[in-house]
Amino acid sequence: MRLKDKVAVITGGAQGIGRAIALGMAREGAKIVVADLQGEKANSVANEIKALGHGALAVEVNVASESSVKHLAKTTFDCFGRIDILVNDAGIYLKSSVVDMTEADWDRTHDINLGGNFLCCRAFVPAMRAQKSGRIISMASGIGYYGMKQFSHYAASKAAIIGFVKALARELGPDGITVNAICPGSANTAMPRGHRTEEEVMQRLHSTPLPHVLEPEDIAGPILFLASDAASYITGQAYNVNCGTYMV
Amino acid sequence: MSQVALISGGGGGIGGAAAHKMAAAGMTVVIADFDHAAAETVRGEIASAGGKADALSVDVTQTREVKALVIDVASRYGRIDVLANIAGGSMYTKRMEEFTWAEWKQVIDANLKGTFLMCREVAPIMQKQKSGRILNTASNYGVTGSALRTPYSAAKAGIIAFTKSLALELAPDGILVNTVAPGPTDTPRVLEKESAEARNRRWSSIPLGRTGKPEDLAEMYYFLTTPESAAITGQTFHVNGGVVMP
Ligand SMILES: NC(=O)c1ccc[n+]([C@@H]2O[C@H](COP(=O)([O-])OP(=O)(O)OC[C@H]3O[C@@H](n4cnc5c(N)ncnc54)[C@H](O)[C@@H]3O)[C@@H](O)[C@H]2O)c1
Ligand SMILES: NC(=O)c1ccc[n+]([C@@H]2O[C@H](COP(=O)([O-])OP(=O)(O)OC[C@H]3O[C@@H](n4cnc5c(N)ncnc54)[C@H](O)[C@@H]3O)[C@@H](O)[C@H]2O)c1
């Protein structure tokens, strides 16, 4: 068990990749805070973890709200007394060409995808600093590198996360805290299905160089590695997990 | 049956640590190095820790030696699951105009050509198996460049691009090819040339506040052999305390 007795907060943990991370970390011995806008779904993931015999707590949170994130931090500390791992996975994926884009969609994307990173890091970093250890892993995206038409706000927010991660890694290195990003390619979750037919989704998932459909567990694996002691000398990196679609 | 890992440069600092890590995880490791005494030492350490290891001599720049090595490994074990190309090094630190043609070729060959030759012999075996992991070794200098290390930086950048191309070629067979890029790492050879004090001064800007240990790198090589990295190919993994964030 690589994460025995660690406390991990997973935003976006109610479904998809976040859920796979939450279950994976629990199996490695961590106590999990499943933090998501969908309170009920977060609850069922927490129950799933408890049924496996591990500690878990569900917290309904909006990562783009200062007061809500403060409440998340307080609930985490009240329940588990510490934080060792923060995974910023919560995100949204809206579709619009630039000329048709509303300011509201632009703002929402950046408030949740990028702002959520800032607010959650700001809430949990002081405790990590005090204990001189911690792991922050943020979910960026391959789209942050190569762009995608009709997703300019999303692409910009994910590229911004990479810049944020690098800057924060420099800020927190002296405190023994590592900060890294994972950039998934198109994964088999609900997210890409919001804007594509099932056929289009499957076509995309099957058109990678590697004949392998990218599943949430494929992305959770590298995140477990980054959270473990094995990765204590890795910081400021953005690692791609995408079956070879894009190579940086 | 246990997995078989062939590690070039396995007698060196990082290669030795990778061999130890993989052997401790239950793999059979073949330590291939042109410094046979160094390879033997690592083999002995692994054996006395209860692991399975062989030490074989090879100069990775020599086609015939590489061919003979791979035939030997294949006939001993019948398979090769992991190829870690770790042999290499910068060898010289001097201005570009002072490099002789022979020295230039020596650096390029030990790093880049050696990687090519090993991959060329091992890939067909992995293609028959329809599985395999190839791990090549670059350096932070392969991305940033480094004054006084022109051939080394060129060779390491070449390895990154070679890896991407080979990843695309071998992906249909389910073979994953990735690069590990160490930052400044405290191997015995490096520490011989520079005192720990001078080293710490030179690298005081590392965000995590220390230079790397061979074991830090070994963890990354090992991760890239596990099912957890099954969806990763063609990528470069910098392990460097944050000194370079490409
Ligand atoms: N699925 C992919 O193809 C893919 C590719 C690259 C990157 N990503 C990134 O990975 C992460 C997870 O993706 P997924 O596919 O699992 O998506 P998903 O839509 O299945 O899950 C995202 C979760 O985040 C939660 N969330 C959204 N807004 C929130 C908010 N304001 N506060 C709290 N929680 C909020 C949602 O309720 C949901 O449970 C996202 O950051 C996404 O951008 C996904
Ligand atoms: N140590 C660092 O700071 C650092 C930084 C970046 C990259 N690297 C890279 O990591 C790898 C390992 O480096 P290390 O620091 O462990 O060095 P090392 O000198 O301890 O190990 C290198 C090993 O490769 C062997 N070797 C060299 N040329 C060979 C050849 N032609 N055929 C067979 N074996 C050969 C050597 O005998 C030695 O055992 C190298 O590719 C190096 O360029 C090291």
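A polar contact here is a pair of N or O atoms within 3.5 Å; within protein, one must be able to donate a hydrogen and the other to accept it, and residues adjacent in sequence count only if both atoms are side-chain atoms. Keep that in mind as you click along.

This is a predicted model, in which local features need pLDDT of at least 70 and side-chain atom pairs count only at pLDDT 80 or more, while totals for chains, interfaces and linings use all residues. Residues are numbered from 1 along each chain as its sequence is written, chains are lettered from A and ligands numbered from 1 in the order in which they are written, and side-chain values use heavy atoms, with hydrogens and water left out.

**Stop 1: ligand 2**

Select ligand 2 and show the residues near it (a heavy atom within 4 Å). There are 29 of them, and G13(B), I14(B), D33(B), Y152(B) and R189(B) come nearest. By class, this shell has eleven nonpolar, 13 polar and five charged residues; Ala, Val, Leu, Ile, Met, Phe, Trp, Tyr, Cys and Pro count as nonpolar, Asp, Glu, Lys and Arg as charged, and the others, Gly among them, as polar.

Now zoom in on the polar contacts. Pick D33(B): a side-chain N or O atom there is 2.6 Å from an oxygen atom of ligand 2. Next, try T185(B), where a backbone N or O atom lies 2.9 Å from a ligand 2 oxygen. Taken alone, ligand 2 exposes 820 Å², of which the protein buries 92% (Shrake-Rupley method, 1.4 Å probe).

Colour the helices next (DSSP runs of H or I, at least four residues). Helix 1 (13–24), helix 6 (150–170) and helix 7 (188–193) of chain B are the elements that give two or more residues to the shell around ligand 2.

**Stop 2: ligand 1**

Move over to ligand 1 and its 28 surrounding residues; Q15(A), D36(A), Y154(A), A187(A) and T189(A) come nearest. The shell divides into 15 nonpolar, ten polar and three charged residues.

Which side chain has an N or O atom 2.5 Å from an oxygen atom of ligand 1? Select D36(A) to see it. Then add Q15(A), with a polar side-chain atom 2.7 Å from a ligand oxygen, and Q38(A), where the corresponding distance is 3.0 Å. On its own, ligand 1 has 820 Å² of accessible area, and the protein covers 94% of it.

To finish, highlight helix 1 (16–27), helix 6 (152–172) and helix 7 (190–193) of chain A, the elements giving two or more residues to the shell around ligand 1.
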